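Welcome! Open your viewer, get your selection tool ready, and follow along stop by stop.

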Amino acid sequence: MVNNTYEWCREGIPTKSNGLQGIPADMVESWFRLVKERGEFFISSRDEDYVPESETYQILELRGIDSAGVSPLVVDGEIIGFFGVDNPKRNTGHLLLLSVISSTCCIEIANKRLEDSNKALEERMKIIQSLSEIYTSVYYIDLTKNYFTELSSVSDVRTHIGASGDAQERLNYFSHHMVTPDCTDELQVFAVFIRIYSGHTSESRIILGFRNVDSIVEEERKHIKTLETQSEIIEGIGSEYYSVLLVDPETDTVTTYRAQDEDGRAIAEHFRKHNGCWSKGLRSYAEELVSEESRSEFIEKLSLDHIRADGKDYSLTYEKHTDDGTIYLQARVAFVEEKDGGFVAVVGTRNVDDLIKKERQQEMALQAAFDAAEAANKAKTDFLSNMSHDIRTPMNGIIGMTAIAASHIDDKERVQDSLQKITQASKHLLSLINEVLDMSKIESGKVELIEEEFKLSDLVDNLLSMTSSQIAEHHHELSVNISGVIHEAVIGDSLRIQKVFTNLMGNAVKFTPDGGKIRLSISEKPSNQAEIGCYEFVFEDNGMGMSEEFMEKIFEPFTRAEDGRVNKIQGTGLGMPISRHIVRMMGGDIKVESKPGVGSRFTVTMYLRLQEGSDVQYDKFVDLDVLVADDDELSLESCCGMLNDMGMKAEGVSTGAEAVDHIVLHHNQKRDYFACIIDWKMPDMDGIATTRAIRKAVGNDVPIIIISAYDWSDIEQEARAAGANAFISKPLFRSRLARTFNTLVGDEKTREQEMPLVDLKNMDLAGRRALLVEDNELNAEIAAEILGITGLAIEHVSDGTEAVDRMASCEDGYYDIIFMDIQMPRMNGYDATRAIRAMDRNYCRQVPIVAMTANAFAEDVQAAKTVGMNEHIAKPLDLKSLARTLDRWLK
């Protein structure tokens, strides 16, 4: 296209620019040919080469032009157009003039282009200079010429798009490769396109600038992260805090961000009333709702001065008044940085009443635990000191009395006295050792309960048997009452229960001055569990009593009362902790009541499984009349109640004379009592005298049973001579009464038949042989000497291996009984027993094997029975237990 054609017309000729603008080059092709041939040229319709049909002549004819002088406009070697005159005179001068004019025009055009170019260059340089101040790489792009060149650049950008080249290719590379996530890892750039228009619609030029915005992007990311974090803080506070306020410390203003529930709205209302002023609203809230104790700290910590000076997040806990009292609240202050470098404080409020109170309870618990640990540590220190004294005391006695006995070997009475005191000191030392060992097992969690069948009556009998001598020694009066005990046959750890009761009874005996009163009450309480019995054992005394301070720590290990009277009494301070631990393992508990100088009361509640089919049948005793005579009101009431529960008809009197009168009256009415139960110890007329009077009045028609809380063996001969038929020891259990009644009617063995003689000296086991398996020579000598009293022949071996060999080689029946130690070298007692029981001989499977060992815990007894042993006797040897064992297996 030939553009920018100029048209000058003579006066009176109108311009037809639309007709001349944008004439295609092929329409004036002949002109380009003529220019090349002649330079300037003249054309006319009268020329020889006139071709009327050509578009060139047609265009001229349209303009009313018959001829034209034409001179080309050549700028920079390029024909940009033609300069012509319409209908000139045809001569050389005109063409020359036309040539001059066209040259002048070309010069003007070239100058104008140069001027425009310089201006554009200046503008371009200004743009480049401006861009270079910001952009490190600047490129010039001419899309018309598909030209791309570098004006300024750094190596990072040049590496990607080059310094110059094909514009379209470079731009495509830029859009497809540099503007991608892959590229931003290497170089983060910012590009700006500036499009330049030169006034020619066909031209399009671009300035492309690059700059590194790594730091800007990083800064922006940090700012965005900060905003996100701050937003999370505000939202996080909002979810936990019912009031969230935004405080501007520079303007002393507050904006409510969150006001949940009534408390949150109340806080917001205080600031609303003061037109959003933080300082005034804060003081108003503090004076109205914050407690006086917290108010000054509350105002100071949330003041503008403190907020401005602190700059770090912090919390404040304070007390607030409510209709229900004082509660604890917490104000948390978090700072949110703004983009301009300033900050606002976010103040959140939440209810921490439960949390604070729980923390304070925990603090109190921790302090209590700390105090308890301190007390326990002190108690252990005191215990070691006391134990040193307590152990040395019996040891001193043993050593001293042994020396005295040795120095008076010919003085029988002095030696017997020394031996008696050595025995007492040894028993006390053994009890100390046992309690320390028990406490050690409890603290290590190694105590296990044994489940075995036993009767409460036997348990109480054993308790009274073990403590009766101590009670008599201190001249105490003991009374035992049974109330509502229906189930006597139970299942539990009888040895550990016995230990608890022995400890409680022993304390009552020790800490009650001589001549005091001790009472044991036993009752069965309702149980909500099938096949489980609930029993209550109450130990009462009128002894020294205890202070409230000591009762709070009576169950702490190694603790003893700080009392001069107590310090003289032997003990470790471990008995009560051991007892309560055992009872609690059984699902029960021990409660204590006491007053100094008045006495103490220990109540043991215990749950025991009931034996199946163990109930005693009382059908044969229904409606039988029984008379009970006892001066103790509680004992009388308890006995009558028990008989009535059995279906009998019981009458009670409190003196022997009343008993004689009632029996005589019934005898005369020919309705004798089935039996008369008379207490041995009664004022004016005791049980023996009453028996004589009854026999004298009515003869032998009425059976008489003597009951006593004491050992009745001393009076048995005299009472039988007076006419007594049977004897029962207190406390009275149903089963014991039923057994005695059965004896009276001939359905059960008498006491003499049931209880064989247990005195070792009266035993005659001559002709019997025992195998004693004991690795300690001294223990073996002691055991052989004691067993030899009965007439037993003793053969001794030193360990389990020798015992097995002896049993493998001996004839059946050669040994009548085996006494087996447990801890021995080569083969222990358990393994030896297993080996003997495994022999293919009935004799070896049936011969009685008795554990005689220092392993004295309940689990040791169970372990012995598990491997096939028949009995367990603990060292040091209990002679009564040994006698009962010999009587059971060899009589």
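Two strands pair if DSSP finds at least two bridges between them. Helices (H or I, at least four residues) and strands (E, at least two) are DSSP runs, numbered from the N terminus. What you have open is a predicted model, where local features need pLDDT of at least 70, side-chain atom pairs count only at pLDDT 80 or more, and totals for chains, interfaces and linings use all residues. Residues are numbered from 1 along each chain as its sequence is written, and side-chain values use heavy atoms, with hydrogens and water left out.

**Stop 1: paired strands**

Start by selecting strand β26, residues 769-773, together with strand β28, residues 817-820: the two pair in the parallel sense over four bridges. Within this pairing, A770 stands opposite I817 of β28. Now add strand β27, residues 793-797, which pairs with β26, also in the parallel sense, over five bridges. Here V773 has V797 of β27 as its bridge partner.

Next, show helix α26, residues 777-788: β26, α26 and β27 make a right-handed β-α-β unit. To check the handedness yourself, turn the strands so that they point away from you; in a right-handed crossover the path from the first strand over the helix to the second runs clockwise. How many of the five residues of β26 are buried? Four of them are, so the strand is mostly covered. Buried means under 20% relative accessible area, exposed means over 50%, and partly exposed is in between (1.4 Å probe, protein chains only).

**Stop 2: a chain of rings**

The structure holds nine aromatic pairs. Rings of Phe, Tyr and Trp (its six-membered ring) pair if their centres lie within 6.5 Å; planes under 30 degrees apart count as stacked, over 60 as edge-to-face and the rest as tilted. Select F621 and F674, which form a tilted pair, 6.3 Å centre to centre with 45° between the planes. F621 lies in the loop between β20 (599-610) and β21 (625-629), and F674 in the loop between α21 (656-668) and β23 (675-679), so this pair ties together parts that are 53 residues apart in sequence.

Keep F674 selected and add F741: these two form an edge-to-face pair, 5.4 Å centre to centre with 75° between the planes. Because F741 lies in helix α24 (residues 734-744) and F674 in the loop between α21 and β23, the pair ties together parts that are 67 residues apart in sequence. F621 and F674 are both buried, and F741 is buried too. For another group of rings, select Y285, F298 and Y318, which ring pairs link into a cluster.

**Stop 3: salt bridges**

A salt bridge is a side-chain nitrogen of Lys or Arg within 4 Å of a carboxyl oxygen of Asp or Glu, and the structure holds 22 of them. Select K357 and D353, whose closest N and O atoms are 3.0 Å apart in a salt bridge. The two are four residues apart in helix α13, so about one helical turn separates them. Is D353 buried or exposed? D353 is buried, at 9% relative accessibility, while K357 is partly exposed, at 37%.

Then go to R609 and E451, whose side chains meet in a salt bridge with an N to O distance of 3.2 Å. R609 lies in strand β20 and E451 in the loop between α14 (412-443) and β14 (452-455), so the pair ties together parts that are 158 residues apart in sequence. Finish this stop with E540, E593 and R601, which salt bridges with shared partners join into one network.

**Stop 4: two unusual backbone angles**

Select N275, where phi is near 55°, a positive value in a residue other than glycine. N275 is found in the loop between α9 (261-273) and α10 (278-289), and N275 is exposed, with a relative accessible area of 74%. Then jump to D684, another non-glycine residue with a positive phi, near 70°. D684 sits in the loop between β23 and α22 (687-698) and counts as exposed, at 86% relative accessibility.

**Last stop: a strand residue**

Which strand holds F537? Strand β18, residues 532-541, is its place. F537 is buried, at 2% relative accessibility. Add L520 to your selection: 17 residues apart along the chain, F537 and L520 have C-alpha atoms separated by 7.0 Å.
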